[in-house]
Amino acid sequence: MPNSSNSLASVWSISPVGHVAAPLREQVVTALREAIWDFRLEPGQRLVERELVEQLNVSRTTVREALRELTSEGLIKVVLQKGAVVAAPTLDEARDLYEARAALESLLVRRFVEKAPRSQVFALQTAAELFAEVASKDSTEPRQVIMARRHFNEVLMEGAGSDVLRQLVESVQAKVRVLQVKGMSSSHTEAIQELDAIVEAVRQRDADTAAEITSKHIRRVAANAFACLKEVPGV
């Protein structure tokens with residue numbers, strides 16, 4: 001865990017954002033969000049406006065707008081006498097977030113079973129196979145496993161065909177993502193088996209079983225995260 005007094009440059013090196021098609025604010029938001037998700041900026045790290053302005057070569061207004069957006073996503077908190085810092089859910093917040101995730105993703109699977117055509121069922125099976133391939137390799141980095149798991153969820157969201165569910169699921173997932181790497185098991189055997197079981201239940205159009213397996217899967221993942229969750233003073 002970084003010392004909160006460390007300067008940003010000592011823990012995060014990035015080139016100034018470029019003047020490309022995407023607005024500068026969007027580029028800053030993306031750069032910071034990915035750094036937080038990848039644990040290049042860890043919970044508790046201070047995000048000093050002046051340092052961000054210098055490091056990214058953008059205006060103070062752009063930095064403030066980006067920090068406000070990330071605060072609304074729950075990735076950053078404003079702490080008295082510290083300013084903006086990278087957030088991490090407290091244990092109680094994490095419990096609520098994972099309960100919400102279990103409920104939402106179970107509903108997502110139900111909608112997928114109800115609405116998804118065979119082509120998307122095949123796409124879900126392919127996504128589960130990709131996850132198994134990625135997660136089975138010893139050389140795979142945690143971020144690659146997370147990305148493969150996100151792809152599985154993306155297929156579910158496409159097949160469920162609900163913008164409301166998509167927005168809710170993505171919002172909760174963004175808030176728990178800072179826990180995923182540290183809560184990840186060294187072996188992904190159980191996750192591979194669980195995703196395979198979800199796909200099989202979906203193929204049988206058994207919404208109850210698919211939803212039940214999804215809920216158990218999320219709660220098992222949550223237990224790993226809780227075991228590794230460390231409270232960050234002042235966050």
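Is glutamate 194 buried or exposed? In this predicted model, glutamate 194 has a relative accessible area of 15% and is therefore buried, the cut-off for that class being under 20%. The surroundings of this residue are described below, after the overall arrangement of the chain.

The protein contains 10 helices and two strands, and from the N terminus on these elements follow the order α-α-α-α-β-β-α-α-α-α-α-α. Of the 235 residues in the protein, 46% are buried. Among contacts with a sequence separation of 6 or more, 77% are accounted for by residues 24 or more positions apart.

Glutamate 194 lies in helix α9, which comprises residues 189-203. For the 15 residues of α9, a rise of 1.5 Å a residue leads to an expected span of 21 Å, and because the end C-alpha atoms are likewise 21 Å apart, the expected and computed values agree. The buried residues of this helix are Ala191, Ile192, Glu194, Leu195, Ile198, Val199, Ala201 and Val202, so that glutamate 194, with its relative accessible area of 15%, is one of the buried positions of α9. After α9 comes arginine 205, for which phi is positive, near 55 degrees.

When residues up to four places away in sequence are not counted, glutamate 194 touches Ile213, His217 and Arg220. With histidine 217, the side chain of glutamate 194 forms a polar contact of 2.4 Å. Threonine 214 is separated from glutamate 194 by 20 residues in sequence, while the C-alpha to C-alpha distance between the two is 7.7 Å.

A second feature of the model concerns the pairing of two helices that precede α9 in the numbering. Two packed helices are described by the angle between their axes and the distance between the axes. For helix α7 (residues 142-160) and helix α8 (residues 163-180), the axes come within 12 Å and cross at roughly 170 degrees. Because angles over 145 degrees count as roughly antiparallel, α7 is assigned as roughly antiparallel to α8. On the α7 side, the contact is made by Ile146, Met147, Arg150, Asn153, Glu154, Met157 and Glu158, whereas α8 contributes Arg166, Val169, Glu170, Gln173, Arg177 and Gln180. Classified by residue type, the contact of α7 with α8 has six charged, four nonpolar and three polar residues.

How values were computed: Residues numbered from 1 in each chain as written. Predicted model: local features only at pLDDT ≥ 70, side-chain atom pairs only at ≥ 80, totals over all residues. Heavy atoms only, no water. Axes fitted to C-alpha atoms, helices over the stretch in contact; angles between N-to-C directions. Helix = DSSP H or I, 4+ residues; strand = E, 2+ residues; numbered from the N terminus. Parallel < 35°, antiparallel > 145°, perpendicular 65-115°, else oblique. Contact = heavy atoms within 4.5 Å. Nonpolar A, V, L, I, M, F, W, Y, C, P; charged D, E, K, R; others polar. Buried < 20%, exposed > 50% of the residue type's maximum accessible area, 1.4 Å probe, protein only. Polar contact = N/O pair within 3.5 Å; in protein donor to acceptor, adjacent residues only side chain to side chain. Expected span 1.5 Å × (residues − 1).
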